[in-house]
Amino acid sequence: MTTNTAKPSRYTVAPFSGPDYQKRSARCPDDAAPCAICGKAIKGEWPHTAIVIEGGAAWGDESSDENDPGHMGAFPVGRDCHKKYAAPAAPASAGAS
Ligand SMILES: [Zn+2]
């Protein structure tokens with residue numbers, strides 16, 4: 001498990017899918033980590049955390065197998081991206097009302 005206590009989030013867009021991700025993440029300084037969506041450098045405490053699996057094709061969670069070759073670990077997600085792309089929490093039970 002990661003040492004980050006924040007619960008990993010899922011998003012409605014694919015990991016690393018920001019149009020400038022490559023450019024921005026390449027400029028990311030050593031003391032920061034790139035936002036998993038837009039690549040913007042995030043320094044210090046992560047506003048939100050996401051787990052990336054399937055080699056970057058999907059979001060995982062705490063139960064994702066860290067020994068899977070496609071498990072890429074935890075990434076920070078910036079506040080702007082979280083606001084824009086956070087997937088709505090799945091309802092506990094559907095079909096009511
Ligand atoms: Zn971002």
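Of the 97 residues in this chain, buried ones make up 25%. What you're looking at is a predicted model, with secondary structure that comes to 2 helices and 5 strands. Follow the sequence along and the pattern reads α-β-β-β-β-β-α. As for contacts with a separation of 6 or more, 56% of them link residues 24 or more positions apart.

**The core**
- The largest nonpolar core has 14 residues.
- Cys-35, Ala-36, Ile-37, Ala-50, Val-52, Phe-75 and Val-77 are the members with the most contacts inside this core.
- Two elements, β3 (48-53) and β5 (73-77), each give two or more residues to the core.

**A look at Cys-35**
- Leaving aside residues up to four places away in sequence, Cys-35 touches Lys-40, Ile-42, Pro-76, Val-77, Gly-78 and Cys-81.
- One of these partners, Val-77, is also among the core residues with the most contacts, just like Cys-35 itself.

**How β3 pairs up**
- On one side of the bookkeeping there's β5: 5 bridges join β3 to β5, and the two run antiparallel.
- Within that pairing, Thr-49 stands opposite Pro-76 of β5, and Pro-76 turns up again as a contact of Cys-35.
- β3 also pairs with β4 (residues 58-60), again antiparallel, through 3 bridges.
- Here you'll find Ile-53 opposite Ala-58 in β4.

**The β3–β4 hairpin**
- The hairpin of β3 and β4 has 4 residues between the strands.
- Check the backbone at Glu-54 in this hairpin: Glu-54 takes a positive phi near 55°.

Methods. Residues numbered from 1 in each chain as written. Predicted model: local features only at pLDDT ≥ 70, side-chain atom pairs only at ≥ 80, totals over all residues. Core = buried A, V, L, I, M, F, W, Y, C linked by C-beta atoms within 7 Å. Buried ≥ 20, exposed ≤ 12 C-beta atoms within 10 Å, placed from the backbone. Contact = placed C-beta atoms within 7 Å. Pairing = 2+ DSSP bridges.
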